[in-house]
Amino acid sequence: MADESNKVVAEVRDSFGKGAARKIRAAGKIPAVIYGHGTEPVHVTLPAHQVGLLLRKANAVLDIEIQGGKNQLTLVKDVQKDPVLQIIEHLDLIIVRSGEKVSVEVPVHVLGDTYPGTIAVLDVNTLRLEVEATHIPENIVLDVTDAVEGTQFHAKDFTLPKGAVLAEDEDLLILNVMIPAAARGEEEEAAEAAAVAEEASAEAAE
């Protein structure tokens, strides 16, 4: 469920446009819109610093307290940032209900070291899950400890949190364990050199 750490006090806004948005951001706030479940969109401003910290977590759920109104549990649906400054310019928040399932992209976190001489190559950074809005995992952990060359991990190989359902093709390739190209080249050169030396040795013996 929502806790005190994700409670955010919002102010309803009635000024729009780029100029108004600049003034809002200059005042240390972020313009946002709350919508969903058949309700009329509500345009608000949120405290930039607090929200910026909360957004460090993927799929953040914010308990919005609208001044003069009711609390709304919301899922951050879209974050618009300045491409250069990376300042949050606008948020889309979708209303969710406790117990309601949502479809979210959850980051894949790789744990452990593969077998010496190999590397883990992540093909897909996130896994789509159907999960309760108030129980979205921060990440899905994939342990690759001592995995050897040629080992592959697919979507079906993950242990999902209770109540979560995989919303991907179960055979989707997530991670490959392989020998780096440079190391493989060195191995091949060493093998060729050994073969040449062996051939020369055989000729000398004749």
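1. Accessible areas here come from the Shrake-Rupley method with a 1.4 Å probe. With that in hand, the protein chain exposes about 12,300 Å², and carbon and sulfur atoms supply 52% of this area. Keep in mind while reading that this is a predicted model.

2. Now the overall layout. The chain's secondary structure comes to three helices and 13 strands. Of its 206 residues, 32% count as buried. Take the contacts in the chain with a separation of 6 or more: residues 24 or more positions apart account for 62% of them.

3. A good place to start looking is V51, which sits in helix α2. Is V51 buried or exposed? Its relative accessible area is 0%, so V51 is buried. Setting aside neighbours within four places in sequence, V51 is in contact with V8, I30, L46 and L91. There is also a long step along the chain to point out here: V51 and K7 are 44 residues apart in sequence, while their C-alpha atoms are 9.8 Å apart in space.

4. Next up is H90, in strand β6 (residues 88-95). The cut-off for buried is under 20% relative accessible area, and H90 has 17%, so H90 counts as buried. Its side chain makes a polar contact of 3.3 Å with the side chain of D92. What else does H90 touch, leaving aside neighbours within four places in sequence? The answer is R13, a run of I30, P31, A32 and V33, and then D78, V79 and Q80.

5. Q72 belongs to strand β5. With a relative accessibility of 11%, Q72 counts as buried because the cut-off is under 20%. Beyond neighbours within four places in sequence, Q72 has contacts with L62, D63, I64 and I66, and also with I95 and R97.

6. Last, have a look at the second largest pocket, which holds about 200 Å³ of space. Its lining is made up of R25, K29, I30, A48, G52, L55, R56, V79, K81, Q86, I87 and I88. Which elements give two or more residues to this lining? They are β2 (29-36), α2 (48-54) and β5 (71-81). By type, the lining residues divide into six nonpolar, two polar and four charged.

7. Some residues tie these points together. I30 is one of the pocket-lining residues, and I30 is also among the contacts of V51 and of H90. V79 is likewise part of the pocket lining and a contact of H90. Helix α2, the home of V51, is one of the elements that give two or more residues to the pocket lining.

Terms used. Residues numbered from 1 in each chain as written. Predicted model: local features only at pLDDT ≥ 70, side-chain atom pairs only at ≥ 80, totals over all residues. Heavy atoms only, no water. 1 Å grid on protein atoms, 1.4 Å probe; cavity = no way out; pocket = protein on both sides within 12 Å on 5 of 7 lines; lining within 4 Å. Points joined across faces, edges and corners; volume = space filled by probe spheres on them. Helix = DSSP H or I, 4+ residues; strand = E, 2+ residues; numbered from the N terminus. Nonpolar A, V, L, I, M, F, W, Y, C, P; charged D, E, K, R; others polar. Buried < 20%, exposed > 50% of the residue type's maximum accessible area, 1.4 Å probe, protein only. Polar contact = N/O pair within 3.5 Å; in protein donor to acceptor, adjacent residues only side chain to side chain. Contact = heavy atoms within 4.5 Å.
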